[in-house]
Amino acid sequence: MAKVSTTYICNECGTQSPVKMGKCPRCGAWGSMEAQVAQAAPGRTAARRPVTPVVVETLSSLADTAAQRVGSGIAEVDRVLGGGWVAGAVTLLAGEPGIGKSTLLLQLAHEMLAQGHTTLYVAGEESLSQVKMRAERLGVASRLELTRETDARTLAEHFRAFRPPFIIVDSVQTLVADDDGTPGTVTQVRDGTALLTQAAKEVGSALVLIGHVTKQGQVAGPKVVEHMVDTTLALESASGFRVLRTMKNRFGPAGEMGVFEMTTGGMRPVSNPSEAFLAERPRGVAGSAIVAALEGQRPLLLEVQALAAKSPYASPRRTVQGLDPRRVDVVLAVLERRLELPLAGLDVYVNVAGGLRLTDPGTDLAVALSVYSAVTNRPIPEGTAVVGEVGLAGELRSVAQLERRIQEAGRTEFPRLVGPPLAGSKHVTVRTLAEAIAAVWA
Ligand code: TYD
Ligand code: MG
């Protein structure tokens, strides 16, 4: 006979104890320790659970998941998703209130309906008549199914019973997972998401969850559920545009971006982001450099700005926005040591115009030249874009996808690209930072 033992488990925090206690030793809750009877580990002679064979598949016996992708109907969104929605995959769309999450997803709902996929919109944030008004303005097909139900258990049952292929939950912060839960708390957001995620995966629905990012943090943020979802997208504002970015993607590359403009008719894809981001660029001003950058797989021309001013402080300030400050520090050190640019005593500010963030090392040369231009008060000639990673010796290193960056520059009003060599290419080839400076102001 197996021995029976009793454990006491706190129903507040999950702490276990072998003896009954009036107060939980970890969280301090009174009367929360509940008895749980467990079978002790079976001995050699104890009857064992019948052994069931492990289910083994081969790669070839499994269905091809790539074939289950459904185009979203909006190319800029497909780019970010890696080709479209995946059946049974859960996507989180995070962004600040008012950025356009509900608008974009109503438009995407319409695209799914147009392809004949039943679509369910869980409207936890707004009344159904508010959603109807907006949906009609956006021209969403009237077959869209709506509910105000926010009980995650009830919703999960509905998913299992009716199997809608496309489901939007607006938002995770309105979900409740148990009877006395308050929406927006960590437990409700996490448990509610878990219930819906499991149901969607069982029935193969593509589930999109909206999560508000709040600066004040009164409600649990999307971070709480990030590990449960397959794909996380962030919707942000930059230069008056809306940038949709892949933060995490189990089914495709991360780091991709899509660009939209918020109009009275909803979110409109921007077909030429390089042009859009450079529209407000100041002309003939020192301290401005155009970089042929790469965001995910997309070549994009962006402006890097620098300003240098005499510092009132003993140790001058280095203020960087949209770039890795450590990379900028390295570039400034190279300018000072290899090119003898006098930076001591100057506060230096460097940023990517429009509030975009760049992790592309190819931005180094634009940082170097914008600072050089600012300090020497010489504007970079019109029509010139630059690219290249700067090494500690002042050498220029090649960058990923140089050919596509050259092509992108060629499509814009910055066709003269200065950068590291590439066989067979006709751009302005330079091997060091000093050569780049000579070539730009040739
Ligand atoms: P919304 O999608 O409600 O943002 P979120 O769901 O992220 O909180 O949209 C935010 C703003 O966009 C709202 O203030 C109104 C504006 N808007 C437009 O400019 N055009 C439109 O077609 C729609 C529907 C909204
Ligand atoms: Mg909304």
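A crossing of two helices is called right-handed if the near helix is turned clockwise from the far one by less than a right angle. In this predicted model, helix 2 passes helix 3 in such a right-handed crossing.

**Helix 2 and helix 3**

Helix 2, which spans residues 101–114, packs against helix 3, residues 128–137, at an angle of about 65°, and the axes of the two helices are 10 Å apart. On the side of helix 2 the contact is made by Ser102, Thr103 and Leu106, which meet Val131, Arg134 and Ala135 of helix 3. Sorted by character, the residues of this contact comprise three nonpolar, two polar and one charged.

**The surroundings of ligand 1**

Three of the residues just named return around the ligand: Ser102, Thr103 and Arg134 are, together with Gly98 and Thr263, the ones that come nearest among the 16 residues around ligand 1. The following polar pairs each involve an oxygen atom of the ligand.

| Residue | Protein atom | Distance to an oxygen atom of ligand 1 |
|---|---|---|
| Gly98 | backbone N or O atom | 2.7 Å |
| Lys101 | polar backbone atom | 2.8 Å |
| Arg134 | polar side-chain atom | 2.8 Å |

On its own, ligand 1 has 550 Å² of accessible area, of which the protein covers 74%. The elements that contribute two or more residues to the shell around ligand 1 are helix 2, helix 3 and strand 13, the last of these running over residues 257–263. Which element gives the most to the shell around ligand 1? Helix 2 does, with three residues. Taken as a whole, the shell around ligand 1 consists of four nonpolar, eight polar and four charged residues.

**Backbone features beside strand 9**

Two further details concern the loops that adjoin strand 9. Arg163, in the loop between helix 4 (152–162) and strand 9, has a phi near 45°, a positive value in a residue that is not glycine. The peptide bond from Asp170 to Ser171 is cis, with omega near 10°, and Ser171 belongs to the loop that connects strand 9 (166–170) with helix 5 (186–203).

Terms used. Residues numbered from 1 in each chain as written. Chains lettered and ligands numbered in written order. Predicted model: local features only at pLDDT ≥ 70, side-chain atom pairs only at ≥ 80, totals over all residues. Heavy atoms only, no water. Axes fitted to C-alpha atoms, helices over the stretch in contact; angles between N-to-C directions. Helix = DSSP H or I, 4+ residues; strand = E, 2+ residues; numbered from the N terminus. Contact = heavy atoms within 4.5 Å. Nonpolar A, V, L, I, M, F, W, Y, C, P; charged D, E, K, R; others polar. Near = heavy atom within 4 Å. Polar contact = N/O pair within 3.5 Å; in protein donor to acceptor, adjacent residues only side chain to side chain. Areas by Shrake-Rupley, 256 points an atom, 1.4 Å probe, with all protein chains shown as cover.
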